[in-house]
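The following exchange concerns aromatic rings and the reasoning behind the terms applied to them.

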Amino acid sequence: MNSIIIGQYIPGKGFFYKLDPRTKIISILFLMIAVFMLQNITQLLIAFGIAFLMLLIGRISILKVIKGLKPIFVLLIFTFVFQIALNTEGVILSQATMHFNIYSVIGIVAVFVIWRLLLRFGRLKILLFIAFMLGVYFVLRYINYLADFYSFQFTIYEKGIEMSVFVVVRLLIIITLTTVLTLTTKPTDLTSGLESLMHPLKKIGFNSEDFALIISIALRYIPTIFDESQKIMAAQASRGADFSEGKLKDKMKQIISLLVPMFIIAFMRSEELADAMESRNFVPGERRTRINILTFSMIDVYTSVFTLLCFASAIVLKVIA
Amino acid sequence: MGIYFNEVTHEYASYSKKTYKAIQNISLRIEKDYEFIALVGHTGSGKSTLAKHMNALIFPTSGSVDIFGKHIAQKRDKKISYNQLRKNVGLVFQFPEYQLFEETVEKDIMFGPLNFKVPLEEAKVIAKESLELVGLDETYLKRNPFNLSGGEKKRVSIAGILALDPDILVLDEPTSGLDPAGKNTLMKLFTEIHQKTNKTIIIITHDMDLVYEYFNRVIVLKDGELSFDGTPDNLFRSDVLDSNHLDYPNTIKTLKYLKEKLGLDVDIYQKNVDDVVVEINRVIANE
């Protein structure tokens, strides 16, 4: 549970921690829309610079944000590669034949094996992955001693590089923005913010208070349910259900031996919770007062103005183009 | 053959890098026959952690455990099948009724044996026998476990572990939440199993009355360390209990009170209510 950084709240001080959650939600929403409206790479790089500045001002640890990017790093690499491979506009920067013959296939297998071996020792998993991709590229390009049973031209166009950088940087900005949101906002504050923002929906019959309560309860029970699952797993493991080995058919049975008790316990808990809440006079739908009231301050105003400016600039740039 | 602990320490890691030593430098020998052991200690003394080492659910942070000849150290050894150990050492957790998940009692009890590749027909026979061992008849086989009473559920889940025919049985507070009658029924069941098969049974309990009445060896843990390992009679004659925030059995307390307040020359070390009555009658008759 400790290694899940993406989406994780980490307590701290700084600009972003002082903002009202509603300001953060709305601002990040509008900033994301603004980023998607940008057309060319110069504009995007400016936006990236602004995002970076935001991190510095808010004294957010850049290291933590990079750590949060780890899970999607493979996705970024693939996006990059696909954009390069599929884009065919502009000046040709490099053109090479990729040879598939017996030697090159052996070469690919060799590079793969070396990669897996190094993975066990090395800690720089990301760098090793990049090295693996480069290895495959060089093997396919230069090992052409035999007749090919298949070959294709791998062309890198100028536009390809441009577009891939564009897409990757855009993804980075989006993820940085959302990471800032979840890093600096407690889940309960986030829920309060959403509840407040969705209040107008009461007119069409959607009770945002009940919705927020459901989310809060679910969040509160995540650690409890996790502990229960550990207990059930230990109990079933003691009966020979080995969760790490086994064929697919066995695994199904093992998963059911975990899920059925979990569901039953969850239902039992929710009944007990409902009784406990009703015993303290909770009536769903009735108006309740709250202990923490969200209030705006000057920094919320500054932030909103800033967001509005960015959004307006994006619209103007789009209209001009 | 048995479970041998060698200077075992288990630390739990936490988010803030400070670790918590659940058990420290525990060395113990538990043989696979003839022992009927009570594992006691205050809340948080490390009893459950110690029990989880016994079937290799968790590994020691330092030291080692030898379970039926298999050497368990800090790292997973690919050559050892830890799953097989679950057959040698059967571990029943507190509130085992929560592990029930199948549609019929029979299927749930068969879950264990089937996991160890026992043929279906043989597993069915084992299910019936295990039910008999816990005092339930065959009409229970086709019933839905979720429709049973709390006590019946407990017994079905214990039958589920007995079905594995473990050499050593470990139970974590099996009588918690039961009324005195229920406690006695269950303890009589374990005593019967022990007497019939001579297999070692280890029970984690807080109940000193049970400890004195049924067990021949007591292991006391305090703050993760071994505080006492011997017979209940020696334990209650020593001063270990006082320093461990543990209480004496009601038989001893009652007789002690009578001795001090009424001056009756009773032998306070009686194991159960019947013996107490006999002793009091004896002393009164002599006066």
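The questions and answers below treat ring pairs, burial and charges over rings in this predicted model.

Q: How many aromatic pairs does a search of the whole structure find?
A: Over all chains, the search finds 15 aromatic pairs.

Q: Why is the pair of A:Phe30 and A:Phe311 called edge-to-face?
A: The ring centres of A:Phe30 and A:Phe311 lie 5.0 Å apart, with 90° between the planes. Rings pair if their centres lie within 6.5 Å, and planes over 60 degrees apart count as edge-to-face, so both conditions are met.

Q: What makes this pair a tie between parts that are apart in sequence?
A: A:Phe30 belongs to helix 2 (residues 21-37) of chain A and A:Phe311 to helix 12 (residues 298-320) of chain A, so the pair ties together parts 281 residues apart in sequence.

Q: Why is A:Phe311 called buried?
A: Its relative accessible area is 18%. Buried means under 20%, so A:Phe311 is buried. A:Phe30 has 32% relative accessibility and therefore counts as partly exposed.

Q: How do you know that the rings of A:Tyr137 and A:Phe138 are edge-to-face?
A: Their centres are 5.5 Å apart and their planes stand at 70°, which is over 60 degrees, so the pair is edge-to-face. A:Tyr137 is buried at 19% relative accessible area, whereas A:Phe138 is partly exposed at 43%.

Q: Which residues do ring pairs link into a cluster?
A: The cluster consists of A:Phe112, A:Trp115 and A:Phe132.

Q: Where does the charged end of A:Arg220 sit?
A: It sits over the ring of A:Tyr221, 4.3 Å from the ring centre.

Definitions and conventions: Residues numbered from 1 in each chain as written. Chains lettered and ligands numbered in written order. Predicted model: local features only at pLDDT ≥ 70, side-chain atom pairs only at ≥ 80, totals over all residues. Heavy atoms only, no water. Phe/Tyr/Trp six-rings, centres within 6.5 Å; stacked < 30°, edge-to-face > 60°. Helix = DSSP H or I, 4+ residues; strand = E, 2+ residues; numbered from the N terminus. Buried < 20%, exposed > 50% of the residue type's maximum accessible area, 1.4 Å probe, protein only. Lys NZ or Arg CZ within 6 Å of the ring centre and 35° of its normal.
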